[in-house]
Every structure is written in structure tokens, then in C-alpha cells.
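Please open the model in your viewer and follow along, stop by stop. Each stop says what to select and what is there.

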Amino acid sequence: MSFEDDELMFDEEHLQSRLALMRQYIARPIPQQPWDDSMPALIPLHEGDAASEGGIIIAGSKHAANIPLLQSMNVTAVLNCASGGIARLPVDELKKCGIRYAFTNCRQDSYTYPILHETKSVAKRPDNLQRMLEGKTGDTQQRIIVSQHLEVSSALFSDIRRQNINSARKGRKNICTRSNSSGEGRPHITGPGNVVFFCVAGQNRSAALAAATLMLHGKPLEDILRHCARQRPFVLENVGFQRQLVELEAIICKLKPRNATQLLRDQLTSHWDLIKQAKSSSEQNKRFRIMDGSEDEKLMALTNRPKASLSYSESEGELLAGTKVEVELLIPGLCTMEVRIPTECTIATLKQSLVQHANTNLLRYDEHPSKIAKAWVVLAMFGYDDMYDVPLEVEAVEMKVQLKRIKQMFGLTARLKDGEPHVTWNERCRFALVIFSVVRAPAVSESVPNGATEMEIDLGATGDGVDLSKHPDQVPWTFVHEERPNAPATLLQNTLRSTHLRAWDFVTGESLASKLPIVFSFAEDPRDKRAFMRVSRCADQLLQFHAPGEGDILGMGENAIVHRVQLSFTQADGGHRDEHWTKVNVGLENQQPKDKSSNNSDEDDNDSSHEDWDAAVKRPFSLGKMLVFLQHSSEAGLAKRLRLANLLNSDKRVLYFYGLGLGLSTDAYNTNQYKFELMLLAKYCETFSTYTMRCFMDEYTTAQSSVTNVAQRLSLKKMQSDFSITSVKVFLVSLLNGFRDLTLMGVQAFDFNHLNNVLVSRDYQSVRLIDIDGNAQGSIDYPSLQKTFANGKMTRPPAKPPQKPCLHVDLNILLPSVIEQLILGKGRGRSFVSNTRSEIWRAKEEDGKAIIRGVLMENFYPGVENQAAEVEVKGKEQIHVTKVAEWFYALLKKQSPWTNWTNDIYDAMRCIDHLPIS
């Protein structure tokens, strides 16, 4: 960095020597990971008898949630230095006990994050009066500006110091109130109040702010490091934070001497202001505003941040007036932000507000500026488990279910206003805006004014509320994350709060999560299917990706891969968590096991029991395929309607879709790059497993002599010998019943996909359809309501020929082919089926039927011709074979009564019903 004034220049050799000294005390390796972090580190501002002004405690989120521990350490305030509010932090209990809660959003624990200060270019003052009068500014120059994080932490500590000094001068100790087991408040006598600075792991962000705050208030850096070395030697592993601390020490040394020039103090005005404010806290200097007015206390309660200015902004006025409320917005993969939203608005308005805020304050400053195209909003609430939430998206849950769930779960109410439900939000709401795709800005051209991007011209003209979810040029949104071995807070699970797969019931809106953390893999090229097979299930350790074994991957097609994942219902109190969940995010520990049957839902259907269950998770290979299957008329929308029409699928011949899931995946060739995916979830059934109809047909038609493995040959022989004509009929009836069930549910299409979309049970008695296509046009034609009720009067729709309800399946080719292979191809091979079929077609009718009879006897009654059986038995078998041959020949040649059997699914069912069985 370069500065105009030599006084601002850092002595690099001195900084390196201070860094070397610092590293003698701190940044030690953590003994084990995960480790038992039982005690935080207390660093008093003054040693010995002068400690009446209290100190700062460096802690993790686990310590901040332990109220008895805080009371034992005389804590009167806590400052959250993490990237967001800890969901289950007992904020209300803290306030009841007289412990103030404050918050500053340190978004990242990265080497380059400006947690204490940053260098910015600012305009110089005009060099003469004329330029000033003309409104012209001078050239830009470098300035070191204090971060808001350090301003907030210093202001909070100054407040606590004043309270401690006042208490000491009045000859009494601080008194806090806590509730005993009976629920009655009783006084808890403490010494000088301390402040807890906490982040996720209590290692980098909280330690950096604590050390910097103490330095501003006069404590030498070496004394701070000695305390850390004794109590938490692993703190300040972040080398970027180390550098900022020694730079801050150098700045303080330049500013504190009486002979520091005014020019230097003007150059470092933000630092000089903090030093003066820190000094005033011990001198009771009234120039720094103390929050003792009713408006100040109200604003502090609304924002959880100390305030130092004497006036209120328009936005703060809206908070005080109650027209807006400040909530937490998590952008998974990026950061957490505070957003002010209307206190009462529709869900659509809420989403538009959140998307606009993210576009304006984050994505426009990206290396490649962009705007959000496809994203989901998920609502959770402080005081509840962070996995107990509901998506505010109709793709996942219908609007009426969303409103019912948020009232049952969080007590949020809605009222109709202008024909739309308006929800009343509060400051306890926490929203996650999960981004799936963005529209990139074109390259900046010289014709764009004021350095704006072309996106601001092209897309901004339509307003920030424009919906880009169907924009043709959207691309997957990815974020970069790198884990550091000795920094638990940088683990992906802690940065995102969890890496568990999330899911929501289509019907009830209940939330589920995978029992184990899981991160999938992907490739930019969807044809590279092997790159989608890797999975990491690491908890409390660095991610490690391995190719899953058999059973984890249930199948892979042209458009998607299907994984097997165990899910469990989430609960408000975190009772669903086990040893695999991220401990640092749990917050409150359960004193006793919770009853997992209790949940805030008065709806229970037969398939929505609150027990753990396996899921078949279908992941599309590309963003385009994901966006297509989310459409109302496509797979996800159709699956939701099938789920709502569950009574029509009581026999489960159509795969039981549970809901949509939200998961995380990493680039198989760059594991520091991640993206979010939406997935379709169905219940996994061991009976069907991964045995597709294509696999079954391959085994059924395989000649036993071609199998070299003895065990496989014996298994194949048993399967083929046990498969009788009756088995053929049972199999076909189950298949056609599945098609019939789709028709009853209004499904218009089905995709055989070379028989890979039909699962076969291990006993070969039933099938299950696993893929449906809602975009293909079926043959059912309903007259539109506009035509039927034109001008409010009933009108007769135009006459049309009657149409039969049928699926858009290739009944003329695939279904006859399946029947031909079942009748002719058992253990013969597909070439035999093809040749025999051609031979039957060329032969005369009696000769063709004779060929069929011969094949049937060999395939299904091989012992009858070769054994000296009774004449009566042989006669019965031959009569039956003759009937089957008559049926199959008429079916094959489409003779009466089966001339139209492939025209309609119901005609096909009647045809199969007439297959003779012995």
C-alpha cells in the first residue's frame, strides 16, 4: 500500500518482528479435532486490584449458550462476532438474566477479510478555494479506515466499562437477575462485569476483535498474547488477522504520543476517534453517547447493536415506527446480512426485497457482476433448531400450506389484504436465500456511463423486481470455499451451519434432513457422469470425497443420478440430532431425550410417520434439466400432484414421491468450488432396490450356457425355471395396472427410457414406475372454462370426437416387444426372439401357431415331452398351450378380438386379462 504522508508508512521490518513474537504465543495446533472446548479465555483490561473495569472473554458459540457458565464468569454482555445469529442461542434467557446481547456481522474467517480495518481510496480536499467553490475534488489518496466490527466492539466494551466504573464508585457490585428452577427470579451478586466476544469456534474472529478492542483501551498486545497463550493458545490462526493486529498496534503507537501531528490524526481519523472514545469511557466523558434513553433502548432491542451517533436515519425511524423490521438474511456460501423488510407484506414482496438486497449489496460487486435468476427463500426462527424451517416456495409447498406451517411453527399470522395474504414478520425471523443460478453481466463497454455494467442498463431498465428465473442466459451460481486444517470455524459445515441434505414434504410442509452430513459432486460437463458419483459424509473434520459403494447409488440415466440417503424429521427443540450433527451449531443441550413423536403438525397421513426412512434422491445432471423438472407441468410439479392424490396410488405402483430436497455439491475437479442443487425425493424400497425392468429382461432372456460364473448360472437357472405362464401374466398385469394408475391420476405421459424407468420386485410379482413426463401431450382434451362460461353464461363447447384417456406410451412397439420376450425368449436370447417372430409372420396360420406351441412347451413345460407322464396330464398341458398359442398369435398379428389392443391402455389390459393360465 502507498501513502502520501511518510508518517502513515508501516515499517515492514518492525511488523515482521512483531508477527514473529505473536506466533511464539498463539496459533498453536488444536490438540484434536473435534476437541472438547470446555473453557473460554478471560483477558482482564487491567491486572490485579485495577481490574474493576472488567475484561473480555474469548469464547465459542457453545460457551455463549451456556448461561450458568456466563454467570459464573460475571458476564454482563455478549457480542456475536460470527457470520450470523446462532439459531438456538438463548437470547431471551440472556436478557432475563440481565446479560445484554449485541451483534456484528463478521462475514468471513478468511485471510483477506478486513475485520479491523481496510485501505480505501478517498478524494483529497480541493487544493484551492476556487476549486472548492466549483465543487471539484482533488485526486484520490489511500486511507486506512476502521471497520464497523471494531467500532461496534469498542462501543460495547466502553459501555460495560462505564457501568463497572459507576458501580465501583457507588460502592456496590453489579447485580444481575437469573431464574432458579422454580421460575422465580433471585439476585445473583457478581464482580466487575465482563464481555463475551464469541464466534463459531472462538478462535479467529472473536479473538481478533477482543485483542484489538483491548489494545484501543490501553492494554499492551504482549499482555494480551500471554493470557491467550495460557488459556487458548490456538487462537488467531488466521495470518491475515495477525497482520491487521500488528498494523493496529503500529497505528496506536503513532497516534497516542502527545507530539502526534494533527495531520496524522486527520489521516487516521477513524482510529483516533476510537482511541478518544475508549479513553472517555474511563473518564466519563459525555461527548460519547451513552444509550440510556427509551428510544435508544428500543433501537438497541431491535438491532442488537450499540449506537454512537446523535441522530436517527430514515431507516432507523422506520424501525422505531414499526413499519419495518430488521431480520437476518443468510446467503449460504457467502455471508449473513441484516436486512430491513416491511413488517407486513406478501411472501412474493418479501422475496423480491431479499433478492434485490442481495443483488445490490453483494452480487453487483462480484468479480463477474450478476443478478439472481433462480433462488429459494427458506424461513427459520431464532430460538428454534436451525433445521426446523419451511421453504416459502410453491414448487415445494403450496401457499396455503406455507401459511399454515409458519403459524403452527412460529406463530406468524397472515391476513387478506387486496385479495392476497400479508404476513406479519418479526425480528426473530431468519431467512436463507439459496441461490441456484444467476445472469451474468456482459463485459463493460466504453459506452456505458459512469462505469456501470451493461447489466444495469439492459436488465435494470425493467426494474429490480423483474423475474429472471426463466432467463435463457442464466448459469449455475457457484461459490468458493477453502477449509484450513487448524481452523474449525472454516469447516464447510460451520460456514454453512450444516451440510445435511434438506427436504420438505409436498403435502404437510414438514422438514426433514439427512442423518449424516452429505456433499455430492458434479462436473461442468453433464456427460461426465462418473464425476457425479463422489460423496463426502464428514462431520467435524475436513471434507473427504470418496466414490460411494454399491447401494449408495441406486441408478443413473441420461438426465440424472439417484442416490440413497437416510432422512429424519427435524424438530423445533433439536431432538432429531445425534452424534453426527454439527455440535457447534446445537447451542442449547437437551437435558433429557425428547419425544420424537411430538411435532407441531396436526396433520398425519399414513406415509408421513415421524420415523427415519430411506430416500431415493434424484439429482439432475445440469442446471437446465433441474429448471425443467421444477416446472409445474413437469416432473416435480407432477410429483407433487401425485403426492396430493395419494389415495389414487394406494398400491404404490407409481413411485412414491415425498418432496423436494436441497443439497450441496462440489466440483469433482476443483473441490473448493460449490453449488446448491434441488433434488426430487422418493421413498427407497428394498424390495425394488435398483432392479430395473431392463436388468430383468436381460437376465430373463440370457442363455444359461453363456454364463461362466457357477453361482450366477445357478441363480439364473432358478429364476428362469420358476417363471411360469402365470408369472408372465402377474408381471404384465402389474405393469399395466401401473399405467392405469397414472391415467387415474391425470398423468399424460410416461417414458420407458429403454425399460430403465420400471423397477421390478425381487420376487418378480410387481413393478413400480419411477419416471414420469408431464410435458408431453396426452389425449385427454378438456374444454376451457373461458369458452364454457363465456360472458358468465353457460355455453356448449364445440362438438369434438370422443377421446379415450391414455398414456403417451409407445404401445405399438415397446409393450408388444416386452410380451414377445416374455413368451418366446426365456433363456433363448433376443436374437432367437427376433428370428422366431419373423418365422411366425412368414408362416401360414396353422404353422405359425405350431411354432408358438413348440416354443411354449420348451420354455414353460420342458419335462412334459420327455417324461412318460400320464396321457391325461399331457392332454391338459397341450390344451392349455394351444389356448396360449391362439391368444399370442392373435395378439402378434392383431387379429380379432385384439385388432386394437395397442390403441389404448384399457384395451391392452383387457387383452392381458385374457392370457390363459394353467
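**A strand with two partners**

Select Arg 502 first: its bridge partner in E21 is Ala 513. This is a predicted model, in which local features need pLDDT of at least 70, side-chain atom pairs count only at pLDDT 80 or more, and totals for chains, interfaces and linings use all residues. Residues are numbered from 1 along each chain as its sequence is written, and side-chain values use heavy atoms, with hydrogens and water left out.

Now show all of strand E20, residues 500–505. Helices (H or I, at least four residues) and strands (E, at least two) are DSSP runs, numbered from the N terminus. E20 pairs with strand E21 (residues 511–517) in the antiparallel sense, over four bridges. Strands pair if DSSP finds at least two bridges between them. Five residues lie between the strands of this hairpin, where Gly 509 has a positive phi near 80°.

Add strand E26, residues 657–667. Four bridges join E26 to E20, and the two run antiparallel. Look for Ala 503, whose bridge partner in E26 is Gly 661.

Is E20 buried or exposed? Six of its six residues are buried, so the strand is largely enclosed by the rest of the structure. Buried means under 20% relative accessible area, exposed over 50%, and partly exposed in between (1.4 Å probe, protein chains only). In a regular strand the side chains alternate between the two faces of the sheet. Colour His 500, Arg 502 and Trp 504 for one side of E20, then Leu 501, Ala 503 and Asp 505 for the other. Both faces are covered.

**The five-stranded sheet**

Go to the open sheet with the strand order E1-E2-E9-E3-E4. Its pairing is mixed. The edges are E1 (41–44) and E4 (100–103), each paired on one side only. On average, neighbouring strands here are turned by 25° against each other, direction ignored.

Select E2 (residues 55–60) and E9 (residues 194–199): they run parallel, joined by five bridges. Ile 57 stands opposite Val 196 in E9. Then show helix H8, residues 221–231. H8 packs on the sheet and touches E1 and E2 (contact means heavy atoms within 4.5 Å). Its direction makes about 160° with that of E1. Axes are lines fitted to C-alpha atoms, for helices over the stretch in contact, and angles run from 0 to 180 degrees between N-to-C directions.

Next, pick Asn 80 in strand E3 (residues 75–80). Asn 80 counts as buried because its relative accessibility is 0%. Which residues does Asn 80 touch, not counting residues up to four places away in sequence? They are Gly 85, Ile 86, Tyr 101, Ala 102, Phe 103, Thr 104 and Phe 198.

**A helix pair**

Move to helices H25 (residues 830–842) and H26 (residues 845–860). They pack at about 150°, with axes 9 Å apart. H25 and H26 are therefore roughly antiparallel (angles over 145 degrees). Phe 832, Thr 836, Glu 839 and Ile 840 of H25 meet Gly 848, Ile 851, Ile 852 and Val 855 of H26.

**Last stop**

Select Leu 554 in strand E23 (residues 553–556). Leu 554 is buried, with a relative accessible area of 13%. Its C-alpha atom is separated by 9.3 Å from that of Lys 618, 64 residues apart along the chain.

Zoom out to the whole protein chain, with its 28 helices and 29 strands. Of its 918 residues, 53% count as buried.

Terms used. Parallel < 35°, antiparallel > 145°, perpendicular 65-115°, else oblique.
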